[in-house]
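Colleague: I would like to learn how to read a model like this one, feature by feature. Could you walk me through it?

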Amino acid sequence: MDYYEIGQRIRKYRKANNLSQEQLAEKVGISTTHMSHIETGNTKLSLPVLVDIAEVLSVQCDALLYDKPQINKTSMTDEIINLLSSCSPNNMYILLDVIKTVKIALDKYK
């Protein structure tokens with residue numbers, strides 16, 4: 001496991017959430033020094049700290065652990081269904097056309 005890469009992903013999501021190391025550390029309940037060491041890969045982080053960081057940053061742990069999140073087709077399908085459930089019928093038709101077009105384009109470049 002590459003703790004430096006995990007730390008860099010945490011840093012990327014922290015910045016995307018406009019949080020300082022101090023703010024994230026406070027929300028997670030660890031010291032700023034510990035957060036700094038996590039981001040630089042100078043320390044291993046525990047599972048509870050990883051989960052707390054992911055919750056604060058509103059990302060799944062996979063996004064922090066892996067460069068490319070692991071594909072779970074069932075959860076992705078559920079997420080798509082949840083997104084569609086809030087759409088109007090007209091928006092669903094538009095999205096269906098977009099999905100069909102993208103799928104055709106992806107199949108061309110396999």
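Modeller: Gladly! Let's start with the secondary structure: helices here are DSSP runs of H or I with at least four residues, strands are E runs of at least two, and both are numbered from the N terminus. Keep in mind that this is a predicted model.

Colleague: Thanks. How many helices and strands does the chain have, then?

Modeller: There are seven helices and zero strands. Read from the N terminus, the order is α-α-α-α-α-α-α.

Colleague: And the overall dimensions? What radius of gyration does the chain have, set against a compact globule?

Modeller: The idea is to compare the value over C-alpha atoms with a rule based on the number of residues. For 110 residues, a compact globule would come out near 13 Å, whereas the chain has 18 Å. Along the principal axes, the C-alpha atoms fill a box of roughly 50 × 30 × 25 Å.

Colleague: What share of the residues is buried?

Modeller: Of the 110 residues, 21% are buried. The accessible surface comes to about 8200 Å², with 55% of it belonging to carbon and sulfur atoms.

Colleague: Let's try single residues. Is arginine 14 buried or exposed?

Modeller: The cut-off for buried is under 20% relative accessible area. Arginine 14 has 7%, so this residue counts as buried. It sits in helix α1, which covers residues 3–16.

Colleague: Which side chain does arginine 14 make a polar contact with?

Modeller: Its partner is the side chain of glutamate 39, at 2.6 Å. Leaving aside residues up to four places away in sequence, arginine 14 also touches Leu19, Ser20, Gln21, Leu24 and Leu57.

Colleague: Now leucine 65: why does it count as partly exposed?

Modeller: Partly exposed is the range between buried, under 20%, and exposed, over 50%. Leucine 65 has 23% relative accessibility, so it falls in that class. This residue lies in helix α5, residues 61–65, and touches Met1, Ile6, Arg9 and Leu50, not counting residues up to four places away in sequence.

Colleague: How far is leucine 65 from valine 102 in space?

Modeller: They are 28 Å apart, C-alpha to C-alpha, with their positions 37 residues apart in sequence.

Colleague: Which residues form the nonpolar patch on the surface?

Modeller: Val102 is one of them, together with Ile94, Val98 and Leu106; their combined accessible area is about 350 Å². Isoleucine 94 belongs to helix α7, residues 89–108, and is partly exposed at 46% relative accessible area.

Conventions:
Residues are numbered from 1 along each chain as its sequence is written. This is a predicted model: local features need pLDDT of at least 70, side-chain atom pairs count only at pLDDT 80 or more; totals for chains, interfaces and linings use all residues. Side-chain values use heavy atoms; hydrogens and water are left out. Patches are made of residues with over 30% relative accessible area and no salt bridge: like charges are joined within 9 Å, nonpolar side chains (Val, Leu, Ile, Met, Phe, Trp, Tyr) within 5 Å. Accessible areas come from the Shrake-Rupley method with a 1.4 Å probe; for residues, only the protein chains shown count as cover. A salt bridge is a side-chain nitrogen of Lys or Arg within 4 Å of a carboxyl oxygen of Asp or Glu. Buried means under 20% relative accessible area, exposed over 50%, partly exposed in between (1.4 Å probe, protein chains only). A polar contact is a pair of N or O atoms within 3.5 Å; within protein, one must be able to donate a hydrogen and the other to accept it, and residues adjacent in sequence count only if both atoms are side-chain atoms. Contact means heavy atoms within 4.5 Å. The radius of gyration is taken over C-alpha atoms; the globule rule is 2.2 Å times the number of residues to the power 0.38.
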